[in-house]
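Student: Please show me the model, and let me press you on the words used to describe it.

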Amino acid sequence: AQIGAVRTQSSRSASAIRGLPAVEAQEVRLVQDVETARRLGDQLGEERQRAHMAEAVEVGQVEIVDVASLPYRPVPSYGALKLALALLLGLGLGGGAAVALEKLDPSIRRPDEIEDGLQLHSLAVIPKVDPARIEGTEAYRVLRTNLLLAPEADRARTVVVTSAVPGEGKTTTAANLAASLAWEGRRVLLVDGDLWRGRLHRLFRARKSPGLAESLLQDEPIPQAIRTTDIARLSFMPNGKTVGAPSDIVTRGRVPALLARLRDQFDVVVIDTPPVLAAAEAVVLASSADGVVLVVRAGQTDREAVQQAMRQITGVGARLVGAVLNDPADVTRRYGYKYYYGSHYGSYARQDSIG
């Protein structure tokens, strides 16, 4: 009987133990429900408190004083005044920015900057032209006329055309100036005095040698060095081939004697030299010539570079006739018709373009 009772009790205990997981799961669910109900109660309490606060604000602090009346006409917007003020402000800011940029820009852009800023006579304003051709534009005729009317022009038989730095268009200017003088009826010789990087022989499709270098070595112009061109009364002397540094040939004291012999054969001798700040022989040729024309490219040439070139030219006793403003893209548009007609050696020796 005792064994039977124990077995019965054991069976009941086993049955109770098998039901424990379900009871435990139910307990967990009940605990979660209690926690959810607690959070919900807290939220409801907060909402009730906010509702009480909103009701107290609306009832206790707001009072209707008077009923608003509608305006009998629209409120003025002052649109025209605002537009005028905006235009004035925009023009003022734009003008101030333009003036500031112009002050900060060191390049020369207008003919008056040559005359007023550099105290140099402006001979002509040359528009953009093809550097591979000689064009008889009116601008080069103006340059020719102003050059011939310059003081002491009657004795200006040899004219040097140069620039401060490379790329200013001096070679194109020299070739077109020589052609303009020949078209007027003068016997003109165009000399390529750039012994480093002369390119005029390509413009005339002529041989490079013999030329100026060989004539300087012989102390007289070699007949074969002077070539005729397709332009009547215009002759051409290329730069020739040098042995050693070109400055050694030019600085031997032979330039004045050679130019004197060329004056006997031609009415005008136009010499295209290397840039003043790029090669030393530019000032040597300038000191032996009757006048010097300085070419300046608009928007590119730095004022300080031009001033330094002017000091070197005048420092050797050369006569600086004036300057040519080359390729001003916006001169005719901004200033009208009257203006339209009105690191050096290393980088220089590596360039190949005419200028």
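Tutor: What follows is a round of questions on terms and the values behind them.

Student: What kind of model is this, and how are its residues numbered?

Tutor: This is a predicted model, in which local features need pLDDT of at least 70, side-chain atom pairs count only at pLDDT 80 or more, and totals for chains, interfaces and linings use all residues. Residues are numbered from 1 along each chain as its sequence is written, and side-chain values use heavy atoms, with hydrogens and water left out.

Student: What makes a stretch a helix or a strand here, and how many of each are there?

Tutor: Both are DSSP runs, numbered from the N terminus: helices are H or I with at least four residues, strands are E with at least two. The protein comes to 15 helices and eight strands.

Student: Why is Leu216 called buried or exposed?

Tutor: Buried means under 20% relative accessible area, exposed over 50%, and partly exposed in between (1.4 Å probe, protein chains only). Leu216 has a relative accessible area of 2%, so it is buried. Leu216 belongs to helix H8 (residues 212–218). Leaving out residues up to four places away in sequence, Leu216 touches Ile249, Val250, Arg254, Val255 and Leu258. Contact means heavy atoms within 4.5 Å.

Student: Into which classes do Asp264, Arg205 and Arg233 fall?

Tutor: Asp264 has 64% relative accessibility, so it counts as exposed. Its place is in helix H10 (residues 255–265). Arg205 is at 77%, so it is exposed too. Arg233 is at 44% and therefore partly exposed. Across the protein, 40% of the 355 residues count as buried.

Student: What makes the backbone of Arg205 and Arg233 worth a note?

Tutor: Neither is a glycine, yet Arg205 has a positive phi of about 55° and Arg233 one of about 70°. Arg205 lies in the loop between H7 and H8. Arg233 sits in the hairpin of S4 and S5, which has five residues between the strands.

Student: Which peptide bond is cis?

Tutor: The bond from Ser209 to Pro210, with omega near 0°. Pro210 is in the loop between helix H7 (200–203) and H8.

Student: How do you know that H5 and H6 are roughly perpendicular?

Tutor: Start with the axes, which are lines fitted to C-alpha atoms, for helices over the stretch in contact; angles run from 0 to 180 degrees between N-to-C directions. Helix H5 (residues 138–148) and helix H6 (residues 170–183) come within 9 Å and cross at roughly 75°. Angles of 65 to 115 degrees count as roughly perpendicular, under 35 as roughly parallel, over 145 as roughly antiparallel and the rest as oblique. H5 and H6 are therefore roughly perpendicular to each other.

Student: Which residues of H5 and H6 meet?

Tutor: From H5 come Tyr140, Arg141, Leu143, Arg144, Leu147 and Leu148; from H6, Thr172, Thr173, Asn176, Leu177, Ser180 and Leu181. The residues of this contact divide into six nonpolar, four polar and two charged. Ala, Val, Leu, Ile, Met, Phe, Trp, Tyr, Cys and Pro count as nonpolar, Asp, Glu, Lys and Arg as charged, and the others, Gly among them, as polar.

Student: What makes S1 and S4 edge strands?

Tutor: Two strands pair if DSSP finds at least two bridges between them. The open sheet has eight strands in the order S1-S8-S7-S2-S6-S3-S5-S4, with mixed pairing. Strand S1 (122–126) and S4 each pair on one side only. Two bridges join strand S4 (residues 227–228) to S5, and the pair runs antiparallel. Four bridges join strand S3 (residues 188–192) to S5, and that pair runs parallel.

Student: What shows that both faces of S5 are covered?

Tutor: In strand S5 (residues 234–237), Leu234 and Phe236 on one side and Ser235 and Met237 on the other are all buried. In a regular strand the side chains alternate between the two faces of the sheet.

Student: Why is H11 called mostly covered?

Tutor: In helix H11 (residues 281–288), six of the eight residues are buried. They are Glu281, Ala282, Val283, Leu285, Ala286 and Ser288. Their cover includes strand S2 (158–163), H10 and helix H12 (303–315). H11 also lies across S2, S6 and S7, running at about 155° to S2.
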